[in-house]
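This report walks through one protein model from its core outward. Keep the coordinates open while reading.

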Amino acid sequence: MECTCDPRSDSSEDDSLDITRLFTDLVRVEIRLYNAVDDRLRAEHGIGLGQFEFLGIIDGRPGCRVLDIAREVGITVGAVSKAVDRIESAGLCVRAAHPEDRRSSVLSLTPEGARLLAAARPTFKAELAARTAAVPAADLTRTAATLASLRAALEEHRRDGA
């Protein structure tokens, strides 16, 4: 993967880690994986990766609200609400009044949404496995641990108000 920016402009010569290159590689890997999985889900199941992710979050959280999805994914409540509107219009989820908070709705999958999610999960896993097969399992395990640590640090930083 070739970086289109000049990483030397942002780092000193004694740095052992090129943080600009790390950022570029992370973004490029995410884009390529996302697009490959998205394309396959659309071709085989008629849903995009974003819809698949939202269905999975709704399925995995009893009493799931739009705010829960926004916090999990890291996007605005408005963006999530619009996406949920489209998922609901497609008949894949329903909103019901929250039993304790009248300003909020609880989301749940419809039988069609649950069926579609169950059918799409193996496709999702198979495409990720195919796209990462050339990388040794030990490298993927180390990368997963590192990314989990970085994600936790970034989310903690966000909770602190930064």
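## The nonpolar core

The largest nonpolar core holds 24 residues, and Leu55, Ile69 and Val84 have the most contacts inside it. Helices α1 (19-45), α2, α3, α4 and α5, together with strand β2, each supply at least two residues of this core. Helix α2 gives the most, with six residues. In soluble globular proteins, nonpolar side chains tend to be buried together. The model is predicted.

Val84 is one of the core residues with the most contacts. Leaving aside neighbours within four places in sequence, Val84 is in contact with Phe54, Val66, Ile69, Cys93, Arg95 and Leu107.

## Overall layout

The protein has six helices and two strands. From the N terminus on, the order is α-α-α-α-β-β-α-α. Of its 162 residues, 25% count as buried. The protein exposes about 10,800 Å², and carbon and sulfur atoms supply 55% of that area. Take the contacts between residues at least 6 apart in sequence: 46% of them join residues at least 24 apart.

## Helix packing around α2

Two helix pairs involve α2. The table gives their geometry.

| Pair | Angle | Axis separation |
|---|---|---|
| α1 and α2 | about 85° | 8 Å |
| α2 and α4 | about 90° | 11 Å |

Start with α1 and α2, which pack at an angle of about 85°. That makes α1 roughly perpendicular to α2. On the α1 side, the contact is made by Tyr34, Val37, Asp38 and Leu41; on the α2 side, by Leu49, Gly50, Phe52 and Glu53. By class, this contact of α1 with α2 has five nonpolar, one polar and two charged residues.

Now α2 and α4, with an angle of about 90° between them. How are these two helices oriented to each other? Because angles of 65 to 115 degrees count as roughly perpendicular, α2 and α4 are roughly perpendicular to each other. Helix α2 brings Gln51, Phe54 and Leu55 to the contact, and α4 brings Val80, Ala83, Val84 and Ile87. The residues of the contact of α2 with α4 divide into six nonpolar, one polar and no charged.

Leu55 and Val84 thus appear both in the contact of α2 with α4 and among the core residues with the most contacts.

## Helix α3 and its cover

Helix α3 spans residues 66-73, and Val66, Asp68, Ile69 and Ala70 are buried in it. What covers these buried residues? The cover includes α2 (49-60), α4 (77-89), β1 (93-97) and β2 (105-109). Val66 and Ile69 are also among the contacts of Val84. Just after α3, glycine 74 takes a positive phi of about 85°.

An α-helix has 3.6 residues a turn, so residues three or four places apart point the same way.

## Two buried positions in α5

Helix α5 covers residues 111-132 and includes threonine 123. Leucine 117 also has its place in α5.

Is leucine 117 buried or exposed? Leucine 117 is buried, with a relative accessible area of 1%. Beyond four places in sequence, leucine 117 touches Phe52, Leu55, Gly56, Asp59 and Leu109. Isoleucine 47 is 70 residues away from leucine 117 in sequence, and the two are 9.6 Å apart in space, C-alpha to C-alpha.

Threonine 123 is buried as well, at a relative accessible area of 8%. Not counting residues up to four places away in sequence, threonine 123 touches Arg40, Leu41, Glu44 and His45. One of these, Leu41, also takes part in the contact of α1 with α2.

## The loop between β1 and β2

Serine 104 lies in the loop between β1 and β2. Histidine 98 is found in that loop too.

Why do these loop positions count as buried? The cut-off is under 20% relative accessible area. Serine 104 counts as buried because its relative accessibility is 14%. Histidine 98 counts as buried because its relative accessibility is 18%.

With residues up to four places away in sequence left out, serine 104 touches Arg65, Ala96, Ala97 and His98. On the same basis, histidine 98 touches Arg65, Ser104, Ser105 and Val106. Arg65 is thus a contact of both serine 104 and histidine 98. Cysteine 64 sits 34 residues from histidine 98 along the chain, and their C-alpha atoms are separated by 9.6 Å.

Notes. Residues numbered from 1 in each chain as written. Predicted model: local features only at pLDDT ≥ 70, side-chain atom pairs only at ≥ 80, totals over all residues. Heavy atoms only, no water. Helix = DSSP H or I, 4+ residues; strand = E, 2+ residues; numbered from the N terminus. Buried < 20%, exposed > 50% of the residue type's maximum accessible area, 1.4 Å probe, protein only. Contact = heavy atoms within 4.5 Å. Axes fitted to C-alpha atoms, helices over the stretch in contact; angles between N-to-C directions. Parallel < 35°, antiparallel > 145°, perpendicular 65-115°, else oblique. Nonpolar A, V, L, I, M, F, W, Y, C, P; charged D, E, K, R; others polar. Core = buried A, V, L, I, M, F, W, Y, C linked by side-chain atoms within 4.5 Å. Areas by Shrake-Rupley, 256 points an atom, 1.4 Å probe, with all protein chains shown as cover.
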